[in-house]
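User: I am new to reading protein structures and would like a guided tour. Could you take me through a few features, giving the general idea and then the case here?

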Amino acid sequence: MTDSAQKLTVKEKLGYSLGDAAANLVFQMMLMFQLMFYTDVFGLEGLVAGTVLLIARATDAFVDPAVGILSDRTNSRWGKYRPWILWNALPFCVFYVLAFWNPGIENKALVAIYATLSYVLLMWSYSMINTPYCSLGGVMTSDIEERTSLNTYRFVAVTIGQIIVQGATLPLVDTLGGSNRQVGWLWTVGIFAVISFLSLITTFRSTRERVKPSPAQRSDTKQDLHNTMLNKSWRAIIVLIFFLFVTLSMWNSAMNFYFRYDVDQKALVDFLSIFGLSVELDHAYSVGFSVFNISAALVQFLAIIGFSHRLASRYGKKEVISTCLVVTAVLTALFWIPTKTDVAFMFILNLLRSFAYAITIPLVWAMMGDVADNVEYLSQRRATGLCFSTMTFSLKVGLGIGGVLTGFFLSVFGYVSGDVLVQSETAETGIRLTASLIPALTLIIGVFALRKSPITKNYNEQMQSELSGRRWIQTFKTRKTE
């Protein structure tokens, strides 16, 4: 297939991007609010809540490779990966609602069991959507610039989903639930679930698969696993992803607690008033944290559309990701410094951190496609689904470890579960530590791993040129024998 045939229309890029916007209406909720929902709404102790997250995410992590292998071997009139999105859109959204609904259970042991089972089902269905979705992005085009452009569109949509979840969740819970927070959560999640379902169906209908394995390639899971796991670029990226999502899990979960207990609510009200926002003290946390997240998401939006593609085209994805993640780690560590009344300092740090991190978001996922190409380049075999699924395996384990570490530190430092207004000074210190120095360290470890990847800008251009030639020859031979 010629390069021109792999150019994507704006309509197809937008349609594809809606799939990750849908996934992020769920993912951002899990990342930012799930742990606090379990501790403050379900009333689970911090370590128990973290363990629920770890069990569900670790169990689900083993589903990803299975889905990757099966999707690689799926053959339908819709392709290999698109039908998985169609088949799993409805179960995914139903399990999303169930994970944030307590059917009247009061016994804490039973609540923990229900939370684990419902979350496991949600995570499994998430895998059956997200693994094929990520793989789809790797086979819509092999053009380097188009792939980066596609992921830029994708993560603009992700940012919009992030703004909706991080900015609207707490106000919606307050508005729709009133004094009954459980009802507020149920209605809020229900609205997000409907939007997710419609977006996923749009993704299925508007995309096409173009990059296909060689017609001569025969199914060989053992060989594909061998080729993938021996690949140096795959090993570098999978370690990066693990530590990146340990960091994101800790940061997002801890910042929710940080904003509620390590920020002086009166100082927050005074800060918001500078921008014309008149907020009652009782609502300072929900409104202030929403503004905190929305402002950061808007900065992310600008960074993604204005800098990611341009910087990657000039310097290469590996160099840009490494540099920006080091800056992100430094800014994360600086959250140890502000006192409870330094609200403006917190917002400034968050905006700078969000800008640095946002540049890397589409590039990390585009680089996953490059890794799948590198496996094909070196082994003569393509296994896109397996490659992406092992990366999402690492992502899920990282999220689980990050969640349990956050719950562990909360428990060790004496965090009190339930809807309490004040925590001890020791608990506040633990929250601040988990939101700053520890995730900064895990992020730096991920950067060291990325530096081992051989896929530089020049290497990638040479690899794509040779792969295009190979595919053209294979297509010519196939047509000649027909």
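User: Let me start with a single residue: is Ile113 buried, partly exposed or exposed?

Analyst: Happy to help, and please keep in mind that this is a predicted model. Ile113 is partly exposed, because its relative accessible area is 47%, and a residue counts as exposed over 50%. You will find Ile113 in helix α6. For a sense of scale, its C-alpha atom is separated by 39 Å from that of Thr207, with the two positions 94 residues apart along the chain.

User: How should I read a helix, and which residues of α8 are buried?

Analyst: The general idea comes first: an α-helix has 3.6 residues a turn, so residues three or four places apart point the same way. Now look at α8, where the buried residues are Gln182, Gly184, Trp185, Thr188, Val189, Phe192, Ala193, Ser196, Ser199, Leu200, Thr203 and Phe204. They pack against α1, α2, α5, α6 and α7. At the start of this helix, the backbone nitrogen of Gln182 has a side-chain oxygen of Asn180 within 3.2 Å.

User: What span should helix α8 have, and what does the model show?

Analyst: Helix α8 runs over residues 181–206, which is 26 residues. At 1.5 Å a residue the expected span is 38 Å, and the C-alpha atoms at its ends are 38 Å apart, so the two agree.

User: Next, aromatic rings. How many aromatic pairs does the structure hold?

Analyst: A pair of aromatic rings is described by the distance of the centres and the angle of the planes. This structure holds 31 such pairs. One of them joins Phe37 and Phe42 in a tilted arrangement, with 4.9 Å from centre to centre and 55° between the planes. Both rings belong to buried residues: Phe37 has 1% relative accessibility, and Phe42 has a relative accessible area of 1%.

Phe37 also pairs with Trp185, this time edge-to-face, at 5.3 Å centre to centre and 75° between the planes. That pair links distant parts of the chain, since Phe37 is in helix α2 and Trp185 in helix α8, 148 residues apart. Trp185 is buried as well, at 2% relative accessible area.

User: Which residues form the aromatic cluster with Phe37 and Trp185?

Analyst: The cluster also takes in Phe33, Tyr38, Phe42, Tyr96, Phe100 and Tyr119.

User: Where do charged side chains sit over rings, as with Arg82 and Arg353?

Analyst: The charged end of Arg82 sits over the ring of Phe204, 4.7 Å from the ring centre. Arg353 lies over the face of Trp251, at 3.8 Å from the centre of that ring.

User: How many disulfides are there, and why is Cys93 not bonded to Cys134?

Analyst: A disulfide is a covalent bond between the sulfur atoms of two cysteines. A search of the whole structure finds zero. For Cys93, the closest cysteine sulfur is that of Cys134, and at 17 Å it is too far for a bond. Cys93 is buried, with 7% relative accessible area, and Cys134 counts as buried at 1%.

User: One last residue: what does Gln464 touch?

Analyst: Gln464 is found in helix α18 and is buried, with a relative accessible area of 5%. Leaving aside residues up to four places away in sequence, Gln464 touches Ser142, Ile144, Arg147, Asp370 and Asp373. The side chains of Gln464 and Asp373 are also joined by a polar contact of 2.8 Å.

Technical notes
Residues numbered from 1 in each chain as written. Predicted model: local features only at pLDDT ≥ 70, side-chain atom pairs only at ≥ 80, totals over all residues. Heavy atoms only, no water. Helix = DSSP H or I, 4+ residues; strand = E, 2+ residues; numbered from the N terminus. Expected span 1.5 Å × (residues − 1). Buried < 20%, exposed > 50% of the residue type's maximum accessible area, 1.4 Å probe, protein only. Contact = heavy atoms within 4.5 Å. Polar contact = N/O pair within 3.5 Å; in protein donor to acceptor, adjacent residues only side chain to side chain. Phe/Tyr/Trp six-rings, centres within 6.5 Å; stacked < 30°, edge-to-face > 60°. Lys NZ or Arg CZ within 6 Å of the ring centre and 35° of its normal. Disulfide = S-S within 2.5 Å.
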